[in-house]
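Here is a short set of exercises to work through with the model open beside you. Try each task before you read its solution.

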Amino acid sequence: MSLLNYFKRTKPNTARLAKERLQILVAHERSARNQPSYLPELQKELMAVIKKYVQVNQDDISINYESDDDQETLELNIVLPEHD
Amino acid sequence: MARIIVVTSGKGGVGKTTTSAAIAMGLAKKGHKTAVIDFDVGLRNLDLILGCERRVVYDFVNVINDEATLNQALIKDKRCDKLFVLPASQTRDKDALTVEGVGKVLNELKKTFKYIVCDSPAGIERGAHLAMYFADDAFVVTNPEVSSVRDSDRMLGILSSKSQRAEKAETPIKEYLLLTRYNPARVKLGEMLSVDDVQDILSLHLLGVIPESQAVLNASNSGTPVILDDASDAGQAYADIVDRYLGEDTPHRFIDEEKKGLFGRLFRS
Ligand SMILES: Nc1ncnc2c1ncn2[C@@H]1O[C@H](COP(=O)(O)OP(=O)(O)O)[C@@H](O)[C@H]1O
Ligand SMILES: [Mg+2]
């Protein structure tokens, strides 16, 4: 390490790291709390219906709720098993 | 019209009680009849910070249960005759506070007081919920630290969904940010979240920044709200906050490191 680098070396900026982590976490928690309360129940029932027809795992179904100023969307994603 | 202010945070130890005592005294000193209520059932402390602990006879729960009248329970401050304190009960019964009971006391206070400051306990349980339930304004006390910021955001979610104003679909509670225990030197070194960082995350109306200050401990040692120490940085910061809340356009201070003279700059570590 050059002498110049030695003097320029700064401690890692932990505040920046804290901010990045918080931004992700807070965005996640905010979207979770804005979800309609029926969502978990809906997910369970959908799962039961789908399982009647295809063999899927819990992880293969995801429900995403998003809302902005003018619309709310519910996105249902089912990964179907591969054919043998 | 009376206004109910809740001083809240989610996280404990961030400065809610310090803030409640300071702003209640500040509002009272400005001539507004102010009551400050300790909602921390079982952990009464506001009386100590305000220096009236030896004058407590009746408490909040006694009034709710009609064991005392409001006038019997309210303690008039010795330094400012516009300030009254309603101490918390020391009962261990966590159900001592009820929505009806708290509502009844607040409604009675509203008849004669201009400001009612509710010092919330930590957490998101009953006491914290009831402290914010009837509020018109919320002072969200936050430290520039990850868990405090996160808890403040959770509290914002609760304010906007679980308050009376939310339930009745009235104008929402006005939310203000009070960033406390701020250390500009550490912010400059990249060791502490800055005001802007916290604002980027919470996007609230910033009422003021309270620096980390020796004056706060001195004030609590002597039972004097720190706002009465008007030579101190924290005292001045709280006075600014009261002015801003009352609508004055006071420039923000204590955000940047105090400029040191040449001597200070040469020897700064
Ligand atoms: N600006 C500040 N500078 C230094 N210490 C502070 C400051 N604000 C609060 N404190 C200290 O932090 C501790 C917790 O404060 P308190 O007001 O009781 O928090 P809370 O009511 O949120 O639990 C106390 O010891 C208090 O003296
Ligand atoms: Mg407290």
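**Exercise 1. Classify B:Arg181 as buried, partly exposed or exposed, then describe its backbone and its contact with the ligand.**

Keep in mind as you go that this is a predicted model.

Step 1. The relative accessible area of B:Arg181 is 41%. Buried means under 20% and exposed means over 50%, with partly exposed in between. B:Arg181 is therefore partly exposed.

Step 2. Now place the residue: B:Arg181 belongs to strand E7 of chain B.

Step 3. Look at the backbone. Phi of B:Arg181 is positive, about 55°, although the residue is not a glycine. Most residues other than glycine have a negative phi.

Step 4. Turn to the side chain. An N or O atom there lies 2.9 Å from an oxygen atom of ligand 1.

**Exercise 2. Find which backbone atoms come close to oxygen atoms of ligand 1, and work out how much of the ligand the protein covers.**

Step 1. Start with B:Lys16, where a polar backbone atom is 2.8 Å from an oxygen atom of ligand 1.

Step 2. Go on to B:Val14, which has a backbone N or O atom 3.2 Å from an oxygen atom of the ligand.

Step 3. Now for the cover: on its own, ligand 1 has 560 Å² of accessible area, and the protein covers 77% of that.

**Exercise 3. Describe the surroundings of ligand 1: which residues come nearest, and which elements supply the shell?**

Step 1. There are 13 residues around ligand 1, and those that come nearest are B:Gly13, B:Lys16, B:Thr17, B:Thr18 and B:Ser213.

Step 2. Two elements of chain B, helix H1 (16-29) and strand E8 (205-211), each supply at least two residues of the shell. H1(B) gives the most, with three residues.

Step 3. Finish with the site itself: the space taken by ligand 1 is the largest pocket.

**Exercise 4. Compare the span of helix H7 of chain B with the expected one, and list its buried residues.**

Step 1. H7(B) covers residues 146-162, which makes 17 residues.

Step 2. From first C-alpha to last, H7(B) reaches 24 Å, close to the 24 Å expected at 1.5 Å a residue.

Step 3. The buried residues of H7(B) are B:Ser148, B:Val149, B:Ser152, B:Asp153, B:Met155, B:Leu156, B:Gly157, B:Ile158 and B:Leu159.

Step 4. Take one more residue of this helix, B:Asp151. Its relative accessible area is 24%, so B:Asp151 counts as partly exposed. B:Asp151 is 142 residues from B:Ser9 in sequence, yet their C-alpha atoms are 6.7 Å apart in space.

**Exercise 5. Decide whether two loop residues, B:Ala169 and B:Asp256, are buried or exposed.**

Step 1. B:Ala169 sits in the loop between helix H8 (164-167) and strand E7 (174-182) of chain B. With 71% relative accessibility, B:Ala169 is exposed. Its phi is near 55°, a positive value in a residue other than glycine.

Step 2. B:Asp256 is in the loop that runs between helix H12 (233-245) and helix H13 (262-267) of chain B. A relative accessible area of 62% makes B:Asp256 exposed. B:Asp256 and B:Val187 are separated by 69 residues in sequence and by 8.8 Å, C-alpha to C-alpha.

**Exercise 6. Summarise the secondary structure and burial of chain A.**

Step 1. Chain A contains three helices and two strands. Along the sequence they follow the pattern α-α-α-β-β.

Step 2. Chain A has 84 residues, of which 17% count as buried.

Notes
Residues are numbered from 1 along each chain as its sequence is written. Chains are lettered from A and ligands numbered from 1 in the order in which they are written. This is a predicted model: local features need pLDDT of at least 70, side-chain atom pairs count only at pLDDT 80 or more; totals for chains, interfaces and linings use all residues. Side-chain values use heavy atoms; hydrogens and water are left out. Helices (H or I, at least four residues) and strands (E, at least two) are DSSP runs, numbered from the N terminus. The expected span of a helix is 1.5 Å times one less than its number of residues. Buried means under 20% relative accessible area, exposed over 50%, partly exposed in between (1.4 Å probe, protein chains only). A residue is near a molecule or strand if one of its heavy atoms lies within 4 Å of it. A polar contact is a pair of N or O atoms within 3.5 Å; within protein, one must be able to donate a hydrogen and the other to accept it, and residues adjacent in sequence count only if both atoms are side-chain atoms. Accessible areas come from the Shrake-Rupley method with a 1.4 Å probe; for residues, only the protein chains shown count as cover. On a 1 Å grid over the protein atoms alone, a cavity is a set of points where a 1.4 Å probe fits but cannot get out, and a pocket is an open set with protein on both sides within 12 Å along at least five of seven lines; lining residues have an atom within 4 Å of a point. A molecule sits in a cavity or pocket if more than half of its atoms lie within 2 Å of its grid points.
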